Amino acid sequence: MKLSKFAILLATSAGCHGYLPSVSHRSSLATKSFLVPTLQSSTTGNDAAFSAFADSLEEEPETPSSKTAAKEKPWQSKLEDLLDPATNLAERQILLSELLNSNEQIRESVMDAITSRKIDPLLTPTAAKLQDGTRAVVRQIANDILPQLSKSAGAGATGSQFPFSPPSPQSLEKVAGRVFDLLSNQIQTTAKEFQEDLTDPLNKIPQRLTKQREELVQEARNVFLETPVGLQEPPYSVAETCDLYEVRDYDGYSVATTTMPKGEDMATAGTSFNTLAAYLFGENQDSKAMAMTTPVTTTSLGEMRFFLAEPKIPLPLETDKVEIMEIPPARLAVRKFTGFATDGEIARQKDTLLQALEMDGVELDVAHGAIVPHVVFQYNPPYTIPIVRRNEIAVPVRPPTPEVATTSLKEEWSVEEGLEDDDISPSDVDM
């Protein structure tokens, strides 16, 4: 064992017998591949000293990267924080002072941008995200959306061949009925809230108006946010973060699910979305309107799911194709991407994710030879601008295999029981 040999060499070369295990004048020490001459000691302090020494050798040495000191932010991040309206005055003064002392780093970034003829080195983190999002949307339009439209137009431009086929009269009638039910539920809810406000109009009416104003402002902000604020999502914890993906441990949760019609892809999944939204907004057996949640999930099996955060979940109407399903806890490797969740983009992102997992030695939680299933998470409302939309693709993975415990240094150096009382010297050993 390398650690044991290092301990003996260290103790012998330093001449510190106090670090070696104390043995009485009639005890002996033996190891697997060598013998150490017996050392005499009459104190018990050496035992505690050696135990502490052995434990310290088995501990991982502290490296600079493991220290709690945070890595200094680049000047681009400091500039973004300085321009953030939420930054207070004291922090602004500190950031401005740090930026004035970052002349060398700024000069290097400017020279890098001039040399490479790219603006990337000068972008703040948010600007870099917007640039990546713009590139992703351009790629999706050029590789997925425009070719599909061109193919449909060249095939005769019939209604069934367009990706956005016109709805049938039955669908229009059903959607109109759902909208009417939704408005009716909303009117009833508003009337009930108004009656409650009349019990204390001086306090409750201003509070309600303030709440509605805050909700409108938040909805306006969600147009530009990567992840909408104010919406609940399934609980999870992050187990590992890498450059190309993130490993998450999801708790079990409930969903409302429906089967997507054949031929309905991620970009045109309006029918399935309307079915689930109608259930969520009151078209259920309890006529209960529930809060919208995030993300909208679609699976490789052709299902669409809404996360349900209510403690008491109402049953769907028998006429609707909505089911309540319990999703078990799972570990997922998740990769984020921006823009439109087209079928082509999903395939590209899945290939990138699987290649990264293979390079890192992460084992998929899939039977050997089976097709790797996936789920797609879409977090944003339809009015969010495409270049900031948050989409994710996830595949199931297995936890890492625990390492087999090795023999500790203390056990390696322990005195074997059952040896004779007489001392053993090197000359007594048969060669």
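Which helix is Ser109 found in? Select helix H5, residues 103-116, and Ser109 is there. The model on screen is predicted.

**Stop 1: Ser109 and its surroundings**

Keep Ser109 selected and show its side chain. Ser109 counts as buried because its relative accessibility is 11%, and the cut-off for buried is under 20%. Add Trp75 to the selection: the side chains of Ser109 and Trp75 are joined by a polar contact of 2.9 Å. Apart from neighbours within four places in sequence, Ser109 is in contact with Trp75, Gln76, Pro121 and Leu122.

**Stop 2: the H3 and H4 pair**

Trp75 also leads to the next selection, as one of the H3 residues that meet H4. Select helix H3 (residues 75-83) together with helix H4 (residues 89-100). Their axes are 9 Å apart, and the two helices pack at an angle of about 145°. The crossing of H3 and H4 is left-handed.

For the contact itself, show these side chains:

- in H3: Trp75, Lys78, Leu79, Asp81 and Leu82;
- in H4: Arg92, Leu95, Leu96, Glu98 and Leu99.

Sorted by class, the contact of H3 with H4 has six nonpolar residues, four charged residues and no polar ones.

**Stop 3: Arg117**

Return to H5 and move on to the loop between H5 and helix H6 (125-154), where Arg117 is placed. Arg117 has a positive phi, near 55°, in a residue other than glycine. Is Arg117 buried or exposed? Arg117 counts as exposed because its relative accessibility is 78%, and the cut-off for exposed is over 50%.

**Stop 4: helix H9 and the loop after it**

Now select helix H9, residues 270-280. The buried residues of H9 are Ser272, Thr275, Leu276, Ala277, Ala278, Tyr279 and Leu280. Gly282 follows H9 and has a positive phi, near 130°.

Continue into the loop between H9 and S4, where Ser287 is placed. Ser287 is not a glycine, yet its phi is positive, about 50°. With a relative accessible area of 51%, Ser287 is exposed.

Pro295 is also in the loop between H9 and strand S4 (296-299). Select Thr294 with Pro295 and check the backbone: the peptide bond from Thr294 to Pro295 is cis, with omega near 0°.

**Stop 5: the largest nonpolar core**

In soluble globular proteins, nonpolar side chains tend to be buried together. Here the largest nonpolar core has 15 residues. Which of them touch the most other members? Select Tyr245, Ala333, Ile346, Leu353, Leu357, Ile393 and Val395. Strand S7 (330-337), helix H10 (343-359) and strand S9 (391-396) are the elements that give two or more residues to this core. H10 gives the most, with four residues.

A second, separate core has 12 residues, including Ala277, Leu280, Met290 and Leu308. Two of these names were met earlier: Ala277 and Leu280 are among the buried residues of H9.

**Stop 6: Ile393**

Finish in strand S9, at Ile393. Its relative accessible area is 0%, so Ile393 is buried. Show its contacts: leaving aside neighbours within four places in sequence, Ile393 touches Ala333, Val334, Arg335, Phe337, Ile346, Gln349, Lys350, Leu353, His374, Val375 and Val376. Ala333, Ile346 and Leu353 are, like Ile393, among the core members that touch the most others.

For a last distance label, pick the C-alpha atoms of Ile393 and Thr298: they are separated by 9.6 Å, while the two residues are 95 apart along the chain.

Conventions: Residues numbered from 1 in each chain as written. Predicted model: local features only at pLDDT ≥ 70, side-chain atom pairs only at ≥ 80, totals over all residues. Heavy atoms only, no water. Axes fitted to C-alpha atoms, helices over the stretch in contact; angles between N-to-C directions. Left-handed = near helix turned anticlockwise from the far one by under 90°. Contact = heavy atoms within 4.5 Å. Nonpolar A, V, L, I, M, F, W, Y, C, P; charged D, E, K, R; others polar. Core = buried A, V, L, I, M, F, W, Y, C linked by side-chain atoms within 4.5 Å. Buried < 20%, exposed > 50% of the residue type's maximum accessible area, 1.4 Å probe, protein only. Polar contact = N/O pair within 3.5 Å; in protein donor to acceptor, adjacent residues only side chain to side chain.
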